[in-house]
Amino acid sequence: MIAALRQHALRRTAAALLVAACQPLPHPFADDVPRRGSPILDLRDSASVTIAPIEGMPRATAERLGPAMANALQEREIAASDKTASIGSYELFGRIQEMPTSAGKAALVVVWELRDPAGERLGERAERVEASATDWQQGSDEAVARVAAASAAQLVALLQDDAPAEAEIGGRTRLQIGGVAGAPGDGRESLARAITELMKKEDLAIVTDPQAKADLVLDATVAIAQPKAGKQNVKIVGQENDVPTGLLDGAWGDVAYMVAVSAQDGIMQLVARGAPQPAGKS
């Protein structure tokens, strides 16, 4: 993925970043709800949340993440369970993706998708957490709890009736996510959406109104190698991965978040270099 930042009307080529079932649950909802008298958040239709079995590897972490996520949501006064469901429950689906080990740490990315009782997708969020490879393989309680807590903090906005207003700028760099050119399949839309979600977690003011003024605009161009022996080489900020030929020709799904997470550090480096200097500094 090649990304570039434009400052005001001037385009800058800032850097090159070459891009690389859930099972039904028993009814009714009866357990794992917040204590009696808790001031439940104003959920859409006052619904409960059912957490489907987590997909992906390592399995020890995946199997413990569902219960941990239920606990994390309950701590935020949201009725949630990985054991039971009701017909009116919202469903939360999660998939784990292992990332390359770096400096003795192994990172996992968990992509969450929330669906309403009719099965309509309400939104996605992704969380990246580092721990030792052993912790992930063994499903360390501490590591799994960190993933659940960080994820719950992101998912609260999706579970509330009123989406939060765009954050106040407060002197932060105003970043607009521009176009994603050259992406096969639905990558143009899904990758831009994934990058936007991740950038919202940074100390930035994300500008979504195309008419509003932004300090920087992030443009991206996807570049994927020609197929070879059934694989296509994909590079993301210096990290190389081989993916099955044609994987990105249709819906990107979770892959969009994996690409965005891998490019996140590189994008933030571009933002740091292109951000306007505070008043009084040169």
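## Strands, a kinked helix and some shaky stretches

In this predicted model, β6 pairs with strand β7 (residues 106-115) in the antiparallel sense, with eight bridges between them. One place to look for this pairing is I96, whose bridge partner in β7 is V110.

β6 itself covers residues 90-98, and it also has a parallel neighbour in strand β3 (residues 49-51), joined to it by three bridges. Within that pairing, I51 has L92 of β6 as its bridge partner. Then there's strand β4, just residues 55-56, which runs parallel to β6 and pairs with it over two bridges. Here E55 is matched with R95 in β6. So much for β6; next comes β9.

Strand β9 takes in residues 174-181 and pairs in the parallel sense with strand β10 (residues 205-206) over two bridges. If you want a landmark, try R174, which has A205 of β10 as its bridge partner. β9 also runs parallel to strand β11 (residues 216-221), and five bridges join these two. In that pairing, Q176 finds its bridge partner in V217 of β11.

Here are the pairings side by side:

| Strands | Sense | Bridges |
|---|---|---|
| β6 and β7 | antiparallel | eight bridges |
| β3 and β6 | parallel | three bridges |
| β4 and β6 | parallel | two bridges |
| β9 and β10 | parallel | two bridges |
| β9 and β11 | parallel | five bridges |

Now for a helix. α5 runs over residues 254-274, which makes 21 residues, and from its first C-alpha to its last it reaches 29 Å. That is close to the 30 Å expected at 1.5 Å a residue. Even so, α5 isn't straight: there's a kink of about 45°, centred on Q264. And how many of the 21 residues of α5 are buried? The count is 15, so the helix is largely enclosed by the rest of the structure.

A word on confidence before you lean on any of this. Mean pLDDT for the chain comes to 76, with 74% of its residues at 70 or more. Two stretches deserve a wary eye. Over residues 8-45, pLDDT stays under 50, yet the model has 118 contacts beyond four places in sequence for this stretch. Residues 162-167 also stay under 50 in pLDDT, and for them the model has five contacts beyond four places in sequence.

Terms used: Residues are numbered from 1 along each chain as its sequence is written. This is a predicted model: local features need pLDDT of at least 70, side-chain atom pairs count only at pLDDT 80 or more; totals for chains, interfaces and linings use all residues. Side-chain values use heavy atoms; hydrogens and water are left out. Helices (H or I, at least four residues) and strands (E, at least two) are DSSP runs, numbered from the N terminus. The expected span of a helix is 1.5 Å times one less than its number of residues. The bend at a residue is the angle between axes fitted to the seven residues ending there and the seven starting there. Buried means under 20% relative accessible area, exposed over 50%, partly exposed in between (1.4 Å probe, protein chains only). Two strands pair if DSSP finds at least two bridges between them. pLDDT is the predictor's confidence in each residue, from 0 to 100. Contact means heavy atoms within 4.5 Å.
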